Amino acid sequence: MKTKLTLELEKTLYETCLEAGSIAVEEVTMPDDQGIVDTLSYQHLPDGSDEWRCYELKVTKSDFHSHAKLSFVGNYNYFVLPLSLYQELKDEIPTEIGVLSYQKYDPSQLEAATEPVLAPGYLTVEKKPRFQEITLDQGDLMRHFLYSLAREVRKAKRVETGISQYSTDRLFKELKKRHQHYDIYDPENNFYDRFIDETQTNAVTALQEEIDALNLEIAKLQHQLYEVTSK
């Protein structure tokens with residue numbers, strides 16, 4: 001399960017790659033047991049060459065120090081870290097690996113924006129990476145990149161078709177996942193709360209409509225009874 005902070009880093013990195021003219025996709029499984037790249041970007045350069053950049057996202061010290069394989073297989077490779085975490089770990093970053101630090105926009109920055117803000121924060125280049133030649137077969141790399149893009153397209157198409165294809169049990173599990181990302185400082189943005197509130201409101205409205213209908217029926221019966229007894 002990805003944390004809220006990890007999702008913020010992903011979203012910000014994705015928008016940053018788009019602004020740079022790159023195509024980016026998350027969680028790309030590498031060939032030859034090279035692990036999974038958190039985010040991989042591709043760009044075809046004006047000189048006719050291809051450029052690959054790999055990004056590993058880390059939000060805690062334990063995550064950074066985990067034994068999970070680091071799939072730095074690109075021409076340029078980066079850690080993407082919250083600024084505070086980078087300041088703690090900067091002496092541990094390998095020479096050839098670059099660093100992008102993440103900072104979240106504060107409300108005043110968002111209010112001052114003259115264009116729509118598509119990401120929750122911004123990235124700063126703290127350390128530039130060294131160029132490396134690609135050691136993997138470029139054809140294999142491109143195929144795995146395209147497989148991951150196709151996966152994301154399938155996800156997007158499922159969203160477009162709505163939730164009718166999902167079972168009630170699956171929907172319940174998804175709601176529980178949203179609850180795990182509960183934001184106590186911004187409750188209006190919690191999908192789980194909005195769903196519960198709307199469900200309760202709809203239930204109360206439905207019950208009120210049923211009560212109103214029953215009261216109307218009772219009033220009609222009372223009127224009919226009055227007419228019968230008054231004759």
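This is a short dialogue on reading the fold of a predicted model.

Student: Let's start broad. How many helices and strands does the chain have?

Tutor: Counting secondary structure elements gives a first outline. Since the model is predicted, take this as a reading of computed coordinates. The chain has 7 helices and 6 strands, and from the N terminus on they run α-β-β-β-α-β-α-β-α-β-α-α-α. Of the 231 residues, 29% are buried.

Student: And how do the strands fit together? In what order do they form the sheet?

Tutor: Strands of a sheet pair through backbone hydrogen bonds, either parallel or antiparallel. Here the 6 strands form an open sheet, in the order β1-β2-β3-β4-β5-β6, with mixed pairing. β1 and β6 each have a single partner strand and stand at the edges, so one side of each has no neighbour in the sheet. From one strand to the next, the twist averages 30°.

Student: Pick one pair for me. In which sense do β4 and β5 pair?

Tutor: That pair is parallel, over 5 bridges. To find a bridge on screen, go to Y78, whose partner in β5 is G98.

Student: Where does α1 pack?

Tutor: On the sheet, where α1 touches β1, β2, β3, β4, β5 and β6. The direction of α1 makes about 115° with that of β5.

Student: What span does α1 reach, and what is expected?

Tutor: You compare the distance between the end C-alphas with the rise per residue. α1 covers residues 4-19, 16 residues in total, and reaches 23 Å, close to the 22 Å expected at 1.5 Å a residue. Just after α1, look at G21, which takes a positive phi of about 85°.

Student: Which residues of α1 are buried?

Tutor: They are T6, E8, L9, E10, T12, L13, E15 and C17. Their cover includes strands from the sheet, among them β1 (23-29) and β6 (121-127).

Student: Now a charged one, E26. Is it buried or exposed?

Tutor: For a charged side chain, check burial, then look for an opposite charge. E26 sits in strand β1. E26 is buried yet has no salt bridge. The nearest side chain of opposite charge is R151, 5.5 Å away, and a salt bridge needs the charged atoms within 4 Å.

Student: What is E26 in contact with, leaving aside neighbours within four places in sequence?

Tutor: E10, Y14, V37, D38, T39, S148 and R151. E10 is also one of the buried residues in α1.

Student: What share of the contacts with a separation of 6 or more joins residues 24 or more positions apart?

Tutor: For the whole chain, that share is 51%.

Terms used: Residues are numbered from 1 along each chain as its sequence is written. This is a predicted model: local features need pLDDT of at least 70, side-chain atom pairs count only at pLDDT 80 or more; totals for chains, interfaces and linings use all residues. Side-chain values use heavy atoms; hydrogens and water are left out. Helices (H or I, at least four residues) and strands (E, at least two) are DSSP runs, numbered from the N terminus. The expected span of a helix is 1.5 Å times one less than its number of residues. Buried means under 20% relative accessible area, exposed over 50%, partly exposed in between (1.4 Å probe, protein chains only). Contact means heavy atoms within 4.5 Å. Lys and Arg count as positive and Asp and Glu as negative; His and the chain ends are not counted. Two strands pair if DSSP finds at least two bridges between them. Axes are lines fitted to C-alpha atoms, for helices over the stretch in contact, and angles run from 0 to 180 degrees between N-to-C directions.
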